[in-house]
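Me: I have a model open on my screen and would like to learn how to read it. Could you walk me through a few features?

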Amino acid sequence: MTHPVEKLIYQEARLLDQGLLDDWLALYTSDATYWIPIDENADPLKESSIIFDNHLRLQMRVEQIMRQARVAQNPSSYMMRMVSNISLQEQASDRIVAHFSMLLTEVRSGDWRQQGLGDMRQLPGHCELEAVNVDGIWKIHRKKIVLLNRKQPITGLSFLI
């Protein structure tokens with residue numbers, strides 16, 4: 001039997017792949033953090049990160065991608081996320097930490113204005129997700145994605161990982 005937090009992880013990947021970002025954002029708590037570190041042992045409040053967002057910043061990203069004319073994502077990239085090796089650690093009856101591997105494949109379509117047009121790139125990483133049970137519904141409270149290429153230049157990151 002699949003645990004509801006595993007289902008949440010798969011649902012998040014599916015919503016991102018389908019570009020349903022408003023539904024994706026609804027998976028997060030109002031005080032959530034979303035972190036893609038350069039140094040996974042650093043304090044994100046004191047050190048630089050690729051991304052370190054709170055819920056408000058995630059809302060702004062979704063708004064920009066979904067409803068503002070952005071050349072880099074018009075038309076949107078084709079994306080596919082693969083998730084594997086999920087392990088769950090119960091912290092309390094209403095709090096679970098999940099560790100899993102992720103591989104995001106992106107192909108950018110469009111015209112000459114888009115850097116990387118037609119290139120296929122892959123972003124593999126290790127993820128840690130803390131889920132909390134809010135009134136019977138599991139939501140993402142904290143997510144950290146440690147990309148394997150985090151210390152290399154990452155260009156054209158105009159979508160959500």
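Reply: Happy to! Keep in mind that this is a predicted model. Let's begin with empty space: the largest cavity has a volume of about 50 Å³.

Me: How is such a space found, and how many cavities of 30 Å³ or more does the structure hold?

Reply: The general idea is that rolling a probe the size of a water molecule over the atoms shows where empty space is left. Here, the structure holds one cavity of 30 Å³ or more.

Me: Which elements give two or more residues to its lining?

Reply: Those are α1 (4-18), β3 (78-92) and β4 (95-107). The largest share, four residues, comes from α1. Among the lining residues are Ile9, Leu16, Phe100 and Met102, along with Glu12, Arg81 and Lys143. By class, the lining has eight nonpolar, three charged and no polar residues.

Me: Now a single residue. Is Arg108 buried or exposed?

Reply: Burial is read from relative accessibility, with buried meaning under 20%. Arg108 has 5% relative accessibility, so it counts as buried. You will find Arg108 in the loop between β4 and β5 (120-134). Its side chain makes a polar contact with the side chain of Glu106, at 3.1 Å.

Me: And for a helix, which residues of α3 are buried?

Reply: In α3, they are His55, Leu58, Arg61 and Val62. Looking down the axis of α3, you see these buried residues fall within an arc of 115°, so they line one face of the helix. You can also check helix length: α3 (residues 55-67) has 13 residues and reaches 18 Å from its first C-alpha to its last, close to the 18 Å expected at 1.5 Å a residue.

Key: Residues numbered from 1 in each chain as written. Predicted model: local features only at pLDDT ≥ 70, side-chain atom pairs only at ≥ 80, totals over all residues. Heavy atoms only, no water. 1 Å grid on protein atoms, 1.4 Å probe; cavity = no way out; pocket = protein on both sides within 12 Å on 5 of 7 lines; lining within 4 Å. Points joined across faces, edges and corners; volume = space filled by probe spheres on them. Nonpolar A, V, L, I, M, F, W, Y, C, P; charged D, E, K, R; others polar. Buried < 20%, exposed > 50% of the residue type's maximum accessible area, 1.4 Å probe, protein only. Polar contact = N/O pair within 3.5 Å; in protein donor to acceptor, adjacent residues only side chain to side chain. Expected span 1.5 Å × (residues − 1). Arc of directions from axis to C-beta.
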